[in-house]
Amino acid sequence: MSSMSRTYARRSLHSIIAHDLGRRIVSGKLSPGDILPTEAQLSETLDVSRTALREAIKILSAKGLIESRPKTGTRVKPRHFWNLLDPDVLSWHFPDPDPTFLYGLFETRLIIEPNTAAMAAERRSDSQLEAIHAAYIGMEQAEPGTEAVYLTDLDFHQAILDASENDFMKSLGMLIESALIGSFRLSSSGPKAHVQSLPLHKAVYQAIAERNPDEARNVMRNLLRQTMMQLRDQLGMSGPTDWDRITL
């Protein structure tokens, strides 16, 4: 199940408020240094109780997005204080992510996932290999334009993280799940993107099946770079976030 369904945004009234305010902050509608309206003003504007609002403020404070101080009010914190690995904060960047955010996301994936694929090739069990294979078959059978396209893609990458037999990698996969879903949705939205990605996904699976870590690493790197280029073209991105310059 997607982490999007586990985030605060779907649980309660104060969670919905936190989701609304969090999206405003992450999208830039509320910028670092901005002071939020008073509790009374927000309560009236959002038509919620002050109790629910206070709980929402606590959630956002815990995620590093805001801070409340006596006499000065509640202020949006600079971005470097935000917990970007928090599932909610990640999901709030979509469906209209900032190019710099996407650049950082894929740069991080390029650092982690090729090496994780190599680890999986060396350490995977038969059952873990079967999970990777099942996810790939799911990708082949997914109907273009449906949620199955990116959910099976996510299953594929998560199964490889699991097969790495490294608990930190497994945890990282869970943390960034919502961001991966968002990026998969964007990169798979073109009519040919999903089909074009299948050969490299299959090659990653085969390298892991053959216990060839160097090949698994190289093919995963190529897969991620292809995905980045598809996403860049889909969004019409260029300039300072030109992903051709990523050499990892």
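1. A word to begin with: a residue is called exposed when its relative accessible area is over 50%, buried when that area is under 20%, and partly exposed in between. Asp47 shows how this works: its relative accessible area is 67%, so Asp47 counts as exposed. Please keep in mind throughout that this is a predicted model.

2. Now for the overall plan. The protein has eleven helices and two strands. Along the sequence they come in the order α-α-α-β-β-α-α-α-α-α-α-α-α, with the strand pair following the third helix. Of the 248 residues, 48% count as buried. The accessible surface comes to about 12,300 Å², and carbon and sulfur atoms hold 52% of that surface. Among contacts with a separation of 6 or more, 70% are between residues 24 or more positions apart.

3. Back to Asp47, which is worth a second look. This residue is found in the loop between α2 (39-46) and α3 (50-62). Its phi is near 55°, a positive value in a residue other than glycine. Most residues other than glycine have a negative phi.

4. Lys71 makes a good companion to Asp47. It lies in the loop between β1 (66-69) and β2 (73-76). Lys71 is not a glycine, yet its phi is positive, at about 75°. With a relative accessible area of 91%, over the 50% cut-off, Lys71 is exposed. Another positive phi, near 60°, belongs to Glu165, which follows α7.

5. Which peptide bond is cis, with omega near 15°? The bond that runs from Phe94 to Pro95. Pro95 is found in the loop between α4 (87-91) and α5. As background, most peptide bonds are trans, which makes this spot a nice one to find in the viewer.

6. Phe94 also takes part in an aromatic pair, and a search of the whole structure finds one such pair. Its rings are those of Phe94 and Phe101, with centres 5.7 Å apart and planes at 75°; planes over 60 degrees apart count as edge-to-face, so this pair is edge-to-face. Both partners are covered: Phe94 is buried at 6% relative accessibility, and Phe101 is buried at 8%.

7. A ring can also have a charge over it. The charged end of Lys77 sits over the ring of Phe81, 4.6 Å from the ring centre.

8. Next, a look inside α5 (residues 99-123), the helix that holds Arg109. Is Arg109 buried or exposed? Its relative accessible area is 3%, so Arg109 is buried. Leaving aside neighbours within four places in sequence, Arg109 is in contact with Pro114, His157, Leu180, Ser183, Phe184 and Leu224. One of these, His157, is itself a buried residue of α7.

9. Helix α7 (residues 147-163) deserves a point of its own. At 1.5 Å a residue, its 17 residues should span 24 Å, and the end C-alpha atoms are 24 Å apart, which agrees. The helix is mostly covered, with twelve of its 17 residues buried. Among them are Tyr150, Asp153, Phe156, Gln158 and Ile160. Where does the cover come from? It includes α5, α6 (126-141), α8 (167-175), α9 (177-187), α10 and α11.

10. Helix α6 can be read in the same manner. Its 16 residues should span 22 Å at 1.5 Å a residue, and the distance between its end C-alpha atoms, 22 Å, agrees. Gln128, Leu129, Ile132, Ala135, Tyr136, Gly138 and Met139 are its buried residues. An α-helix has 3.6 residues a turn, so residues three or four places apart point the same way. The buried residues of α6 pack against α5, α7 and α10.

11. Finally, a stop at Asn212, in the loop between α10 (193-209) and α11 (213-235). With a relative accessible area of 31%, Asn212 is partly exposed. Not counting residues up to four places away in sequence, Asn212 touches Ala121 and Ala207. The C-alpha atoms of Asn212 and Ala120 are separated by 9.4 Å, although their positions lie 92 residues apart along the chain, counted as a separation.

How values were computed:
Residues are numbered from 1 along each chain as its sequence is written. This is a predicted model: local features need pLDDT of at least 70, side-chain atom pairs count only at pLDDT 80 or more; totals for chains, interfaces and linings use all residues. Side-chain values use heavy atoms; hydrogens and water are left out. Rings of Phe, Tyr and Trp (its six-membered ring) pair if their centres lie within 6.5 Å; planes under 30 degrees apart count as stacked, over 60 as edge-to-face and the rest as tilted. Buried means under 20% relative accessible area, exposed over 50%, partly exposed in between (1.4 Å probe, protein chains only). A charge sits over a ring if NZ of Lys or CZ of Arg is within 6 Å of the ring centre and within 35 degrees of the ring normal. Helices (H or I, at least four residues) and strands (E, at least two) are DSSP runs, numbered from the N terminus. Contact means heavy atoms within 4.5 Å. The expected span of a helix is 1.5 Å times one less than its number of residues. Accessible areas come from the Shrake-Rupley method with a 1.4 Å probe; for residues, only the protein chains shown count as cover.
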